[in-house]
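Trainee: I would like to take a close look at a single part of this protein with you. Could you walk me through it at an easy pace?

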Amino acid sequence: MAKKLEDYVRSIPDFPEPGIIFRDITTVLQDAEGFHLAIDELLKLLDGVDIDVVVGAESRGFIFGAPLAYALNKPFVLVRKKGKLPCETIEQEYELEYGSAIVEMHKDAITKGQRVVVVDDLIATGGTIKASIDLVERLGGEVVKAIFLIELAGLEGRKKLDGYDVDAVIKYEGK
């Protein structure tokens, strides 16, 4: 019987603190079949979706977004932490559990009217992806879907993305 993607995810109880189950994707990546399955399952989430550009959020969004862009023969655009991109950028601040962070995108990365899928490994509170979506929209792009390998439903990140088509390969009910 073929393994499911969930079989490749390592769950580590009480990390980083008691009561939390950490969902470790390194075990997906270090297994060739697991990584292949992850990309195939993410591609299935895009069946019938008309897109022009794949956007990946730093850093694990790069791991999954780049092979998706390659498989779809679409350009890949980076959303990076502040100060990491060499050309003219726009930036978006977003809230973290304690404090805030800033992400950036090159000003010429998205053109008006482009249909965009935003990719990351995991949706938890939704802050990073919402900031990425805001960047795309400020440049005139239309986010047609946001996809993730894993959703931690208990952290309610979907609420921040209300009105967007959001999907994940694996959904865990807890945090």
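Does Phe64 count as buried or exposed, and what is its relative accessibility?

Mentor: Happy to, and please keep in mind that this is a predicted model. Phe64 has a relative accessibility of 0%, and buried means under 20%, so Phe64 counts as buried.

Let's look at what surrounds that residue. Phe64 belongs to helix H3 and has an aromatic partner, Phe35, in helix H2; the two are 29 residues apart, so to speak of them as a pair is to link distant parts of the chain. Their ring centres are 6.2 Å from each other and the planes make an angle of 65 degrees, an edge-to-face arrangement. The edge-to-face label fits because the angle is over 60 degrees. Phe35 does not share the burial of its partner: with 26% relative accessibility, Phe35 counts as partly exposed.

Now widen the view to the two helices. H2 covers residues 32-45 and H3 covers residues 60-72. Their axes lie 10 Å apart and the helices pack at an angle of about 65 degrees, in a crossing that is right-handed. On the H2 side, the contact is made by Phe35, Ala38, Ile39, Leu42 and Leu43. H3 brings Ile63, Phe64, Pro67, Leu68, Ala71 and Leu72 to the contact. Sorted by character, the contact residues of H2 with H3 come out as eleven nonpolar, with no polar and no charged residue. Both rings of our pair, Phe35 and Phe64, are thus listed in this contact.

Helix H3 also takes part in another aromatic pair. Phe62 lies in H3, while Phe76 lies in strand S4 (residues 76-81), so this pair ties together parts that are 14 residues apart in sequence. The ring centres of Phe62 and Phe76 are 6.2 Å apart and their planes stand at 90 degrees, so this pair is edge-to-face too. Phe76 has a relative accessibility of 26%, and therefore counts as partly exposed. For the wider tally, a search of the whole structure finds three aromatic pairs, the Phe35 and Phe64 pair being one of them.

Aromatic rings elsewhere in the model have charged company. Lys3 lies over the face of Tyr8, at 4.3 Å from the ring centre. Arg23 is placed over the face of Tyr172, with 3.7 Å to the ring centre.

To come back to your residue: Phe64 is buried at 0% relative accessibility, pairs edge-to-face with Phe35, and is among the H3 residues that make the contact with H2.

Notes: Residues numbered from 1 in each chain as written. Predicted model: local features only at pLDDT ≥ 70, side-chain atom pairs only at ≥ 80, totals over all residues. Heavy atoms only, no water. Axes fitted to C-alpha atoms, helices over the stretch in contact; angles between N-to-C directions. Helix = DSSP H or I, 4+ residues; strand = E, 2+ residues; numbered from the N terminus. Left-handed = near helix turned anticlockwise from the far one by under 90°. Contact = heavy atoms within 4.5 Å. Nonpolar A, V, L, I, M, F, W, Y, C, P; charged D, E, K, R; others polar. Phe/Tyr/Trp six-rings, centres within 6.5 Å; stacked < 30°, edge-to-face > 60°. Buried < 20%, exposed > 50% of the residue type's maximum accessible area, 1.4 Å probe, protein only. Lys NZ or Arg CZ within 6 Å of the ring centre and 35° of its normal.
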